[in-house]
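Trainee: I would like to go through this model and ask how each label is earned.
Mentor: Good. Ask, and we will set each value against its cut-off.

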Amino acid sequence: MEENPRGWIHGDETAKAMLSRILTERPFLFLPPLHRVPLRVGNVVEIAGPSPSAKSQILLHAAVNCILPEEWKGIRFGGLGRMVMYFDLDCRFDVLRLSQILKHRIMEAYRSTNNTYWKEKGEHQKNDAPTTHMYLCDDELFLDCMRRFLYIRCYNSFEFLAALKAMHSHSQRESEALGVSVHFLMIDSIGAFYWMDRACQPMPIGGSKRKNVSLQSLAEAVVQEICKLLQMQPVLVLATKATIFGAGTSGNDAQRAFGKWCSEGKMDSRTSSREGEKLMYREYMPSSWQSFVTHRVHLQALDEIISGGEYGTLLTYASQWVQPPLNIKDKFAIRDDGIFLIT
């Protein structure tokens, strides 16, 4: 036990080696609205909000940023060049939307560098709408990126558990084949099976001598499997969760509360966020999941619509970090080329 601390204290490491190690162990995610908190592998981030509040869109943009390479044929894309494991639990994943975002990012990178490939594909048509160039992207790069996106669809909690158990060996094979590791474990949405499992309680397995499967035991099993995966293959976990209103709270009341919560100068921001959260949300996930989460951010759709130029009108959203609690509230909108803050 004494050799490791001594080796660490007396170790010799160059500044270049230290920076390389830190950037590998702590890759920050600069994607709004997750940019306020430094995130690293091993963190479990819960993105909560009613439908719709752009939860899945944030996952898709984060996934595209992950599977894009940092550089390709001399063109900088600024991605991580890593793999994503995407669990689709509510069966609402839109592969066309993922493809659209990825192709747009590729197209914009080529166009911004005035690359010869883009010229050959029709850059001279500058007055055309962006959609005319939607498919004028590097197909080789597009396929290379999509290979780094591992998609798993589950229809109940037991399929989810089985997929988690098999995920380490599956991702390891893919990592060896592609030469890159997994960076994100995405779950959309973690509470998808809650009401189904609750309606089926108690659920005996095998006979009276076997213990019943409760909501708590299912959540504990999920947490244990994710913990095992994090020990063998450290990743950053992003999980969306649909929120429900508390007893006696209507949707209109919640909208008014959030509008009051987002208004400036009405009250102390920390107090207002607590009151808005108390009025709006009722926690329903078992305690094992709640204690497993290391970071939480709440999202909400706003009534405000802004002009996005060539993208038409855009819906706006608001975000608030509740774990760790921050006194900063962000407004943002989503386009094909990314998520941007509204000042």
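**Labels and their reasons**

Mentor: Start with Lys73, which counts as exposed because its relative accessibility is 58%, and exposed means over 50%. Keep in mind that this is a predicted model.

Trainee: Where is Lys73, and what is its phi?
Mentor: Lys73 sits in the loop between β2 (71-72) and β3 (75-76). Its phi is positive, about 55°, although Lys73 is not a glycine. Most residues other than glycine have a negative phi.

Trainee: Why is Cys91 called partly exposed?
Mentor: The relative accessible area of Cys91 is 29%. Buried needs under 20%, exposed needs over 50%, and partly exposed lies in between. So Cys91 is partly exposed. Cys91 also has a positive phi, near 55°, and belongs to the loop between β4 and α4 (95-112).

Trainee: What makes Cys66 and Cys154 buried?
Mentor: The cut-off for buried is under 20%. Cys66 has 0% relative accessibility, so it counts as buried. Cys154 has 1%, so it counts as buried too.

Trainee: How do you know that Cys154 is not bonded to Cys91?
Mentor: A disulfide needs two cysteine sulfur atoms within 2.5 Å. The closest cysteine sulfur to that of Cys154 is in Cys91, at 8.4 Å, so the pair is too far apart for a bond. A search of the whole structure finds 0 disulfides.

Trainee: How many helices and strands are there, and what share of the residues is buried?
Mentor: The protein has 12 helices and 11 strands. Of its 343 residues, 46% count as buried. Take the contacts between residues at least 6 apart in sequence: 72% of them join residues at least 24 apart.

Trainee: What is the strand order in the open sheet of 9 strands?
Mentor: The order is β5-β4-β6-β7-β1-β8-β9-β10-β11, and the pairing is mixed.

Trainee: Why do β5 and β11 count as edges?
Mentor: β5 (149-153) and β11 (338-341) each have a single partner strand, so one side of each has no neighbour in the sheet. From one strand to the next, the twist averages 25°.

Trainee: What shows the mixed pairing?
Mentor: Look at individual pairs. Two strands pair if there are at least two bridges between them. β6 (residues 182-188) and β7 (residues 236-242) have 4 bridges and are parallel. There, Met186 is opposite Leu238 in β7. β9 and β10 have 6 bridges and are antiparallel. Val322 is opposite Pro325 in β10. β10 and β11 are antiparallel as well, with 4 bridges, and Ala333 faces Phe340 in β11.

Trainee: Which of these pairs form hairpins?
Mentor: β9 and β10 form one, with 1 residue between them. β10 and β11 form another, with 2 residues between them.

Trainee: Which peptide bonds are cis?
Mentor: One joins Ser51 and Pro52, with omega about -5°. Pro52 lies in the loop between β1 and α3. Another joins Asp188 and Ser189, with omega about 5°. Ser189 is in the loop between β6 and α8. Most peptide bonds are trans.

Trainee: Which residues lie nearest the centre of the largest pocket?
Mentor: They are Ser51, Pro52, Lys55, Ser56 and Arg92, out of 24 lining residues. The largest pocket holds about 520 Å³ of space. α3, β7, β8 and β9 (313-323) each give two or more residues to its lining. The largest share, 4 residues, is from α3.

Trainee: How many cavities are there, and what is the volume of the largest?
Mentor: There are 2 cavities of 30 Å³ or more. The largest has a volume of about 200 Å³. It is lined by 14 residues, and the closest to its centre are Ser157, Ile190, Asp197, Ala219 and Met285.

Trainee: Which helix gives the most to that lining?
Mentor: α9 does, with 4 residues. α7 (157-178), α8 (194-199) and α9 (215-232) each supply at least two.

Notes:
Residues numbered from 1 in each chain as written. Predicted model: local features only at pLDDT ≥ 70, side-chain atom pairs only at ≥ 80, totals over all residues. Heavy atoms only, no water. Buried < 20%, exposed > 50% of the residue type's maximum accessible area, 1.4 Å probe, protein only. Axes fitted to C-alpha atoms, helices over the stretch in contact; angles between N-to-C directions. 1 Å grid on protein atoms, 1.4 Å probe; cavity = no way out; pocket = protein on both sides within 12 Å on 5 of 7 lines; lining within 4 Å. Points joined across faces, edges and corners; volume = space filled by probe spheres on them. Contact = heavy atoms within 4.5 Å.
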